[in-house]
Amino acid sequence: ATDKNGRLPLNQAGRVQELLSQVEESTVASRARKLFEKLGNIEEIEKTKKPRLLKAKLRPYQEDGLSWLKFIHDIRSGGVLADDMGLGKTLQTLALFLSVKTKDEPFRAIIVAPTSVVRNWEREIEKFAPSLTVGLWHGSDRQDRKEQAEEADILITSYALLRRDIEYLRSLRVDYLVLDEAQHIKNPLSATAQCAKKIAAERRLALTGTPIENRLSEIWSIFDFVSPGLLGPLEKFEQRFSRPIEQGDYKAAQRLRAVIHPF
């Protein structure tokens, strides 16, 4: 389905790519065809240089992660960085911010994390990306620090305060909204998931080592945050993917992987 200007929304790219693979001849604009080719060969995307202001050496897989994050940034998409715990999701995210932040335009990222790691994010930014200014929306005195919060490049808060202060947080202009340990929104009906989706960020990232813990609907909920519409309505996702895959349908699993793999 195209948008009101007759263009194909990016969140439909995976499904269209799947359709094109089953059609011998089709009329597709060259720009779209190139995008589909890149999505189909996501491991071969252009390398991104390590930002000069990043105070860390990236391991090869982290360099690949940065290149992928920059690629989905350039196509104006969201994504799920699903590296295992301890492999540097925080570092890759900060490298991305340093890669895309310019001197001439204001930049704001909101990072939502479990309360126990809010301060850890602050320390990691000071250590690896000290050129980025940090604000904490945290603690009982947070209302007294609104000016600092609104001037910072990165505002860090917790899931508890995302729910409690959603009206304030959604009033801010946001370039990136990042959910750390994004399995916190695995239930699409939860207040946490609903609040995360209310913030009108330009781009969204989910960081989680466990994108699926129990049910496939959990990955649907996370993708409904990073790229609304990519997997269709939940009811159709359950019908097309969840139930067949739970019953051992290998082809359905392959189709789902083809749709979400680039993101």
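**A Walk through the Cavity, the Pocket and the Salt Bridges**

The structure contains one cavity of 30 Å³ or more. The model described here is a predicted one, and every value below is computed from it. Empty space of this kind can be found in a simple way: rolling a probe the size of a water molecule over the atoms shows where space is left. The largest cavity has a volume of about 30 Å³. Around the largest cavity stand Trp220, Phe223, Asp224, Ser227, Gly229, Leu230, Leu231 and Gly232. Sorted by class, this lining consists of four nonpolar, three polar and one charged residues.

Before turning to other spaces, the reader may wish to consider the chain as a whole. Twelve helices and six strands make up its list of secondary structure elements. The chain has 263 residues, and 50% of them count as buried. Contacts in the chain between residues at least 6 apart in sequence may also be considered; among these, 63% join residues at least 24 apart.

A pocket provides the next stop. The second largest pocket encloses about 540 Å³ of space. Which elements give two or more residues to the lining of this pocket? They are helix H3 (60-74), strand E1 (79-81), helix H10 (217-226) and helix H12 (250-260). Helix H3 supplies the largest share, with five residues. In total, 21 residues line the second largest pocket, and those nearest its centre are Trp68, Val80, Leu81, Asp83 and His261. The classes in this lining are twelve nonpolar, four polar and five charged residues.

Two of the residues nearest the centre of the pocket, Leu81 and Asp83, lead to glutamine 92. Glutamine 92 belongs to helix H4, which spans residues 89-100. Is glutamine 92 buried or exposed? Its relative accessible area is 0%, and because buried means under 20%, glutamine 92 is buried. Apart from residues up to four places away in sequence, glutamine 92 touches Tyr61, Gln62, Gly65, Leu66, Leu69, Leu81, Asp83 and Leu87. With aspartate 83, the side chain of glutamine 92 makes a polar contact to the side chain at 2.9 Å. Leucine 81 is eleven residues away from glutamine 92 along the chain, and the C-alpha atoms of the two are separated by 9.2 Å.

Helix H3, already met in the lining of the pocket, also contains histidine 73. Histidine 73 has a relative accessible area of 13% and is buried. When neighbours within four places in sequence are left aside, histidine 73 is in contact with Leu96, Val100, Tyr176 and Arg203. One of these, arginine 203, lies 130 residues from histidine 73 along the chain, yet their C-alpha atoms are separated by 7.6 Å.

A further buried residue is found in a strand. Serine 158 lies in strand E4, residues 154-158, and its relative accessible area is 2%. Which residues does serine 158 touch, not counting those up to four places away in sequence? They are Val112, Ala113, Thr115, Val118 and Trp137.

The last part of the tour concerns charge. Side chains of opposite charge can pair when their charged atoms come close. In the whole structure, a search finds eleven salt bridges. One of them joins aspartate 224 and lysine 197, whose closest N and O atoms are 3.0 Å apart. Aspartate 224 is in helix H10, whereas lysine 197 is in the loop between helix H9 (191-196) and strand E6 (203-207), so the pair ties together parts that are 27 residues apart in sequence. Aspartate 224 is also among the residues that line the largest cavity.

Arginine 215 and glutamate 238 form another salt bridge, with the closest N and O atoms 3.5 Å apart. Because arginine 215 lies in the loop between E6 and H10 and glutamate 238 in helix H11 (residues 234-246), this pair ties together parts that are 23 residues apart in sequence. Glutamate 238 counts as buried at 13% relative accessibility, while arginine 215 counts as partly exposed at 42%.

A salt bridge also links arginine 170 to glutamate 167, and here the closest N and O atoms are 3.6 Å apart. Arginine 170 is partly exposed, at 37% relative accessibility. Glutamate 167, with a relative accessible area of 52%, is exposed.

Key
Residues are numbered from 1 along each chain as its sequence is written. This is a predicted model: local features need pLDDT of at least 70, side-chain atom pairs count only at pLDDT 80 or more; totals for chains, interfaces and linings use all residues. Side-chain values use heavy atoms; hydrogens and water are left out. On a 1 Å grid over the protein atoms alone, a cavity is a set of points where a 1.4 Å probe fits but cannot get out, and a pocket is an open set with protein on both sides within 12 Å along at least five of seven lines; lining residues have an atom within 4 Å of a point. Grid points are joined across faces, edges and corners, and a volume is the space filled by probe spheres set on the points. Helices (H or I, at least four residues) and strands (E, at least two) are DSSP runs, numbered from the N terminus. Ala, Val, Leu, Ile, Met, Phe, Trp, Tyr, Cys and Pro count as nonpolar, Asp, Glu, Lys and Arg as charged, and the others, Gly among them, as polar. Buried means under 20% relative accessible area, exposed over 50%, partly exposed in between (1.4 Å probe, protein chains only). Contact means heavy atoms within 4.5 Å. A polar contact is a pair of N or O atoms within 3.5 Å; within protein, one must be able to donate a hydrogen and the other to accept it, and residues adjacent in sequence count only if both atoms are side-chain atoms. A salt bridge is a side-chain nitrogen of Lys or Arg within 4 Å of a carboxyl oxygen of Asp or Glu.
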